[in-house]
Amino acid sequence: MANESKNNGRLKLYLFTMEGELTPVECDCVKLSVADDKDGGFQGLYGIRFGHAKSVFALCPGKITATLDGKNVFSAKTGGGFALTDGKTVNVTVEKAEMITE
C-alpha cells in the first residue's frame with residue numbers, strides 16, 4: 001500500500017468517553033471485545049491491523065488493547081460501545097474507560 005510507507009503501517013487509536021477524548025495512541029494492532037448480535041454479550045476478541053476494511057463493531061463491556069512492535073502500549077477496561085475503522089484509524093466510543101497499567 002502506498003499510504004503504508006508514510007506511517008510505517010501504523011494505526012491511530014482514538015478513544016472517546018463521556019469525559020472526553022483520550023490522547024491518540026499509535027499502534028500496529030488493536031484488539032476489541034466485540035458483542036454477540038443476539039444479546040449484546042461477549043462474543044470474543046477482534047483484532048484490527050493497518051489496511052483493515054472499513055468496518056463498524058458493536059462492543060461489549062470488556063478490554064481494549066493496543067500493541068506496537070509486539071509490546072503493549074495501551075490497555076483499558078471499557079463499557080459497551082462502538083468502534084469504527086477505516087484501515088488507518090480506529091475510533092472507539094464508550095460510556096466509560098478505566099486505564100489498566102500492566
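These legends walk through several close-up views of a predicted model.

**View 1. Strand β10 and its two partners.**
Let us begin with strand β10, which spans residues 89-94 and pairs in the parallel sense with strand β1, residues 11-17. Five bridges join β1 and β10. To find one of them, look for Y14, whose bridge partner in β10 is N91. Strand β10 also pairs with β9, residues 81-85, this time in the antiparallel sense and again over five bridges. Here G81 is a good place to look, as its bridge partner in β10 is V94.

**View 2. The turn between β9 and β10.**
Moving along the chain from β9 to β10, you meet a hairpin with three residues between the two strands. One residue to pick out in this turn is G87, which has a positive phi of about 95 degrees.

**View 3. An aromatic pair, Y46 and F57.**
How many aromatic pairs does the count come to? The count comes to one, and that pair is Y46 with F57. The ring centres lie 4.7 Å apart, and the planes make an angle of 45 degrees, so the pair is classed as tilted rather than stacked (under 30 degrees) or edge-to-face (over 60). Y46 sits in strand β5, residues 42-49, while F57 sits in strand β6, residues 55-59. The two residues are eleven apart, and their pair links distant parts of the chain. Is each ring's residue buried or exposed? Y46 counts as partly exposed because its relative accessibility is 33%, whereas F57 counts as buried because its value is 10%.

**View 4. R10 and its salt bridge to E26.**
A search of the whole structure finds two salt bridges, and this view shows the one between R10 and E26. The closest N and O atoms of R10 and E26 are 3.1 Å apart. R10 lies in the loop between α1 (2-7) and β1, and E26 lies in strand β3, residues 25-27. With their positions 16 residues apart in the numbering, R10 and E26 link distant parts of the chain. R10 counts as partly exposed because its relative accessibility is 21%. E26 is also partly exposed, with a relative accessible area of 37%.

**View 5. R10 again, now with D69.**
Which residue forms a salt bridge with R10 in this view? The residue is D69, and the closest N and O atoms of this pair are 3.4 Å apart. D69 is in the loop between β7 (62-68) and β8 (71-78), and is 59 residues apart from R10. D69 is exposed, as its relative accessible area is 58%. Taken with the previous view, R10, E26 and D69 are linked in a network of salt bridges.

**View 6. V25 and its surroundings.**
For the last view, turn to V25, which is found in strand β3. V25 is buried because its relative accessible area is 12%, under the 20% cut-off. What does V25 touch, not counting residues up to four places away in sequence? Its contacts are L11, K12 and L13, together with A66, V73 and F74. For a link back to the salt-bridge views, find R10 as well: V25 and R10 are 15 residues apart along the chain, and their C-alpha atoms are separated by 10.0 Å.

How values were computed
Residues numbered from 1 in each chain as written. Predicted model: local features only at pLDDT ≥ 70, side-chain atom pairs only at ≥ 80, totals over all residues. Heavy atoms only, no water. Pairing = 2+ DSSP bridges. Helix = DSSP H or I, 4+ residues; strand = E, 2+ residues; numbered from the N terminus. Phe/Tyr/Trp six-rings, centres within 6.5 Å; stacked < 30°, edge-to-face > 60°. Buried < 20%, exposed > 50% of the residue type's maximum accessible area, 1.4 Å probe, protein only. Salt bridge = Lys/Arg side-chain N within 4 Å of Asp/Glu carboxyl O. Contact = heavy atoms within 4.5 Å.
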